[in-house]
Amino acid sequence: MDTDGLFSLSPAGAPAPAPGGGDAAGFGTPAADAPLPVRMRPASLDELVGQEHLLAPGAPLRQLVTGASPMSVILWGPPGTGKTTIAHLVAHATDRKFVAMSALTAGVKDVRAVIDTARRERRYGGPPTVLFIDEVHRFSKTQQDSLLAAVEDRTVTLLAATTENPYFSVISPLLSRCVLLTLQALGDDDVRGLVRRAITDVRGLGGAVTLSAEAEEHLVRLASGDVRKALTALEAAAGSALAQDVKEIDLATAERAVDVAAVRYDRDGDAHYDVISAFIKSMRGSDPDAALHWLARMLVAGEDPRFIARRIVIFASEDVGMADPQALLVATAAAQAVQNVGLPEAGLNLAQAVVHMATAPKSNSVTVALGEAMADVRAGKGGAVPAHLRDAHYSGSKGLGHGRGYRYPHDDSRGVVRQQYAPDGLVGTDYYRPTDHGAERAVGERVPRLRRIVRGLGSGPRASRPAAASAGTADRAAGSGVAEDASQFSVGVVPAAGVSEGSDAGVSGGSESAGGGSETGSDRGAGSDGGAGSDLESGSDGVREDDSGDAAGEERP
């Protein structure tokens, strides 16, 4: 087994290397033609940079490297932060036997072979075994299960490395048996220091070339905290300069060596959820510039544009809603453009939609209304369909009383009549509470007047729905991550009528949570514009009531 030349592995059954030796488990001294990042790998813990929070005296990382404590450890961090380097330091620092394997190529059989050998050697007084597994998140549940007993009784000391969140990618029983160490991405100063060391160190370029300040800044910026990326680019630039018999790497040479920044984004990992969460929250926060940045990051990293388009379509109803009804048309048009045009040109369509969403007035009233209605349905509230609303088109329906008493709104000059539409258990319940944002202001003025006519409330007060209690808000609902194409809603705290900003209406099940609405004003317009209200309510007693159901056009459009 082999993983990108970072280390080689002894085949199963091969003689064990000398414990603590320079060639422990294939982690020997790099060859002269090894890649620059491999040659520059720290030879001691003191050369490790960027992980100061793990390097304090007595810290778990120091105990692991020195062998002071046989604890099993999971190293979690982005690429280029030193996970494999730490494995090399462990391999060389103690008298323990060191065995390395990659989850990309190893299976349960390989794991059990190492454990059986370690148990046999331990029985006869041999050295303890450290088992290093790179990319452990790629092990299946069964493969991870095979480690549990050996890790628990310390037949082996497990050292595992992963770029994925172990709380999602590593089974809980294994995680509970290990100490989790989180490695942070290196800062620009750390990367810059390692680049300078590689220029002068005999293990690196040995002073064969120099690096201009502009070229150095270019390499550091494009590395984005991945020192392996920076050193690989430096080696390529140095090779180009020496081929031209030039001793200094200038900006032009560095740009030819690498012209695309390292984008920290994994379509199946945390970055996928974090970036889409930041994207949605930037649009919700009305920041088109930040939203375009997150869009660009996803496009450069190769995210599926259809996924981005779906999130924009959801956002158009969830966060813009009736404040700008055109937003949904723009979003669906952009999604259709992605299907018909494709990248890279469809990026322009997505960008236009993103700017529209970010700059549009915002309202989550539709989101809150649907969430409340669904919560009531799940709670068993409601009842049978009122008889006058039931289908009266089939033979015998009239004998059952279906459609009797139905009032056809188009027979009234206003197009609105007094009539019960909700089931008995929900009469007078308000779900939709318009804001005064954008186009929804006009809707907010109309809805109270419509409710007064339909419910026969006259100009007096009407029933109002109390604020709903929270039904739970999960992390992903709060925005730390996003599950695609949500279809289930649970309602968070809903602002009562007339309440100003500060409340939150959560929507879970994969859709981003709706941020707190501003002044919902479900009573807006009621009794405050008496002229319009009086006009709408006049003459309601003259509306024709039709008992024939079908004849009255019950099912007419």
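Okay, Ser 286: it's partly exposed, with a relative accessible area of 39%. Keep in mind that this is a predicted model. Ser 286 sits in the loop between helix H13, residues 270–284, and helix H14, residues 288–300. What I'd flag here is the backbone: Ser 286 has a positive phi of about 65°, and it isn't a glycine. Most residues other than glycine have a negative phi.

There's another one of those, Glu 135. Its phi is positive too, about 55°, and again it's not a glycine. You'll find Glu 135 in the loop that runs between strand S3, 129–134, and helix H5, 141–145.

Staying with backbone geometry for a moment, where is there a cis peptide bond? Go to the bond from Leu 343 to Pro 344: that one is cis, with omega near 10°. Most peptide bonds are trans. Pro 344 is in the loop between helix H16, 326–340, and helix H17, 346–359.

Right, stepping back to the whole thing. The protein has 21 helices and seven strands. It's 557 residues, and 46% of them count as buried. Now take the contacts between residues at least 6 apart in sequence: 73% of those join residues at least 24 apart.

Let me go through one helix properly, H15. That's residues 305–320, so 16 residues, and at 1.5 Å a residue the helix should span 22 Å; the end C-alpha atoms are 21 Å apart, which agrees. There is a bend in H15, though, of about 25° at Ile 314.

What caps the N-terminal end of H15? Asp 304 does, with a side-chain oxygen 3.0 Å from the backbone nitrogen of Arg 306. At the other side, just after H15, you get Gly 321, which takes a positive phi of about 55°. And if you colour H15 by burial, the buried set includes Pro 305, Phe 307, Ile 308, Ile 312 and Phe 315. There are charged-type names in that buried set as well, among them Arg 311, Glu 318 and Asp 319.

Next, a helix pair. Two packed helices are described by the angle between their axes and the distance between the axes. For helix H9, residues 188–200, and helix H11, residues 227–243, the axes come within 10 Å and cross at roughly 35°. That crossing is right-handed. Which residues meet there? From H9 it's Val 191, Leu 194, Val 195, Ala 198 and Ile 199, and on the H11 side they meet Val 227, Ala 230, Leu 231 and Leu 234.

Between those two in the numbering there's helix H10, residues 213–223, and His 218 lies in it. Is His 218 buried or exposed? At a relative accessible area of 7%, His 218 is buried, because the cut-off for that is under 20%. The side chain of His 218 makes a polar contact of 3.2 Å with the side chain of Arg 221. Setting aside its neighbours within four places in sequence, His 218 is also in contact with Leu 251, Ala 254, Glu 255 and Val 258.

Now a few loop residues. The loop between helix H1, 36–39, and helix H2, 60–66, holds Leu 48, and Glu 52 lies in that H1 to H2 loop as well. Leu 48 is buried, with a relative accessible area of 8%, whereas Glu 52 is exposed, at 54%. So what does Leu 48 touch? Not counting residues up to four places away in sequence, the list is Pro 42, Leu 55, Leu 61, Thr 85 and Ile 86. Take Thr 85 from that list: Leu 48 and Thr 85 are 37 residues apart in sequence, and C-alpha to C-alpha they're 8.3 Å apart. For Glu 52, look at Gln 184, which is 132 residues apart from it in sequence, with the C-alpha atoms 9.6 Å apart in space.

Last one, Asp 430. Where does it sit? In the loop between helix H18, 365–378, and helix H19, 440–455. Asp 430 is buried, with a relative accessible area of 0%. Its C-alpha is 8.3 Å from the C-alpha of Ala 369, and those two are 61 residues apart along the chain.

How values were computed: Residues are numbered from 1 along each chain as its sequence is written. This is a predicted model: local features need pLDDT of at least 70, side-chain atom pairs count only at pLDDT 80 or more; totals for chains, interfaces and linings use all residues. Side-chain values use heavy atoms; hydrogens and water are left out. Helices (H or I, at least four residues) and strands (E, at least two) are DSSP runs, numbered from the N terminus. The expected span of a helix is 1.5 Å times one less than its number of residues. The bend at a residue is the angle between axes fitted to the seven residues ending there and the seven starting there. Buried means under 20% relative accessible area, exposed over 50%, partly exposed in between (1.4 Å probe, protein chains only). A polar contact is a pair of N or O atoms within 3.5 Å; within protein, one must be able to donate a hydrogen and the other to accept it, and residues adjacent in sequence count only if both atoms are side-chain atoms. Axes are lines fitted to C-alpha atoms, for helices over the stretch in contact, and angles run from 0 to 180 degrees between N-to-C directions. A crossing is left-handed if the near helix is turned anticlockwise from the far one by less than a right angle, and right-handed if clockwise. Contact means heavy atoms within 4.5 Å.
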